[in-house]
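Here's a quick look at one model, aimed at someone who likes the cut-offs spelled out. Have the viewer open as you read.

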Amino acid sequence: MYTTHKTCSTGWDAVVYILPIFTLQYMVGVLVQLKHTVLLRIALLPLILWVIFRALSVLDFSCGQQGNAHKNAMLFTCTTSMVARTTVWTLTRQPYKRDNVSAAESTSLPMACWNAWDLQLNVRGIGWNWSQGIPIRRPSLQLQSRPRFLLFAITRFAFCLVMFDAFMEALRAQFSGISPHDIYTIFDHSLPLIPRYIRVLQTVYLISWVTYLTIEGVYQLLSTIFVILFWQCPSQWPPLFDKPWLSTSLSDLWGRRWHQMVRHSAVALGGAPLACFLGRPGYVLGTFLFSGAIHCIHFLANKRGGNPVFEGGFFVMNGVGILLERAWSKARSRRVGGVYGSMWTLLWVTVWAVPMVDQWAKIGRFDAGAALGDFRPAMFLLSLILPTATDKDFVVSCLCFRLSVLFLVYTLFTMR
């Protein structure tokens, strides 16, 4: 336990400190759809920054428990994202407009008030004029009816939940005898060199799947909630990822296949300003610098030590990798791709992911499974089919490695 001068947040604190943030962001979301409102938006921006600073200075969602520090980190990350998006709305010159709204309706205040709700939730700009250039994957199944979409989303969420638990169990099996809360490095110097780095690569592999399953699972859960409660159309929730394991270049991975939730803000606040001085290289590096800064804020908000430079450096070096790809393509007159492109992408991402994942161990990311409490869906399912004396941790580890590797090999040789 650690001491803090902040207040352990309650339901009333959320009303007093959190509600004003959403209210002011909503007001800017209304104004950005109307003409000649730039000065009003600029006037509201400092007020939004102040109420966010007040909330971060007062609220402590961990209630002094170091194991719950990730709750404060999520608050910092969400508010930082809100600041970024609101800043983009404040500085934009072209009013935002939904594709299904006529020009006459888009300038009306009632319509702007209604559409502002969607604008707050729609981070990829689906159905808006500002989303041009953001790739959105088309669903392989046309699930236009709400019942079919909800069934698919709930099934996907349940699958992600079970697989998340399975990969977390496999990850814990890499550090047998050590509590996830006490893992501070992925390097075991008591092992010989080759086994040590094999375990490091296995750990990075597992944590990559955990990251993907976490984001995908949360997305499926949110799509279910908003389609039910806010009666949103299934078309507003297309797939978040585009099979990132099939990436044939870094440009392909980060520009299309990985989720694009921060792309608009990263380009507007990072890429575009730096492009004014450095051209296309500045555009790429500025975008990844912004993304790295967002992740560094989440890293620092955990307040469990570690070096955020490795977190931000991962994203910056992926920007450098994209510039290297462009230089190679210009020199060889062909783009990076194919099997060699996949190998290059995997190698570059892994090299820079190793030090970052090592820092994740220091701030308790390996204890993410604690979010499920005592609920272990994967282990429960295995207990139904395996004998009682079977080592379920070993079985889970084998399944996660062998099945996922076979899946990657299959998709590699069947990609088009």
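What follows covers the annotated spans, one helix pair and the cysteines.

This is a predicted model, where local features need pLDDT of at least 70, side-chain atom pairs count only at pLDDT 80 or more, and totals for chains, interfaces and linings use all residues. Residues are numbered from 1 along each chain as its sequence is written, and side-chain values use heavy atoms, with hydrogens and water left out.

An unreviewed UniProt entry puts "transmembrane region" at residues 12-32, 38-61, 73-92, 204-231, 283-301, 336-354 and 394-413; such annotations may be inferred rather than shown by experiment. Two of those spans look like this:

| Span | Helix | Strand | End C-alpha distance |
|---|---|---|---|
| residues 73-92 | 95% | 0% | 29 Å |
| residues 283-301 | 100% | 0% | 28 Å |

Helices here are DSSP runs (H or I, at least four residues), numbered from the N terminus. Now the pair: α1 (residues 11-31) packs on α2 (residues 38-58) at about 160°, axes 9 Å apart, with each axis a line fitted to C-alpha atoms over the stretch in contact and angles running from 0 to 180 degrees between N-to-C directions. That makes α1 and α2 roughly antiparallel (over 145 degrees). On the α1 side, the contact (heavy atoms within 4.5 Å) includes V16, Y17 and P20, while α2 brings L40, R41 and R54, among others.

And disulfides? The whole structure has 0, counting cysteine sulfur pairs within 2.5 Å. C233 is partly exposed at 36% relative accessible area, whereas C276 is exposed at 66% (exposed is over 50%, buried under 20%, partly exposed in between, with a 1.4 Å probe and protein chains only).

How values were computed. Helix = DSSP H or I, 4+ residues; strand = E, 2+ residues; numbered from the N terminus. Parallel < 35°, antiparallel > 145°, perpendicular 65-115°, else oblique.
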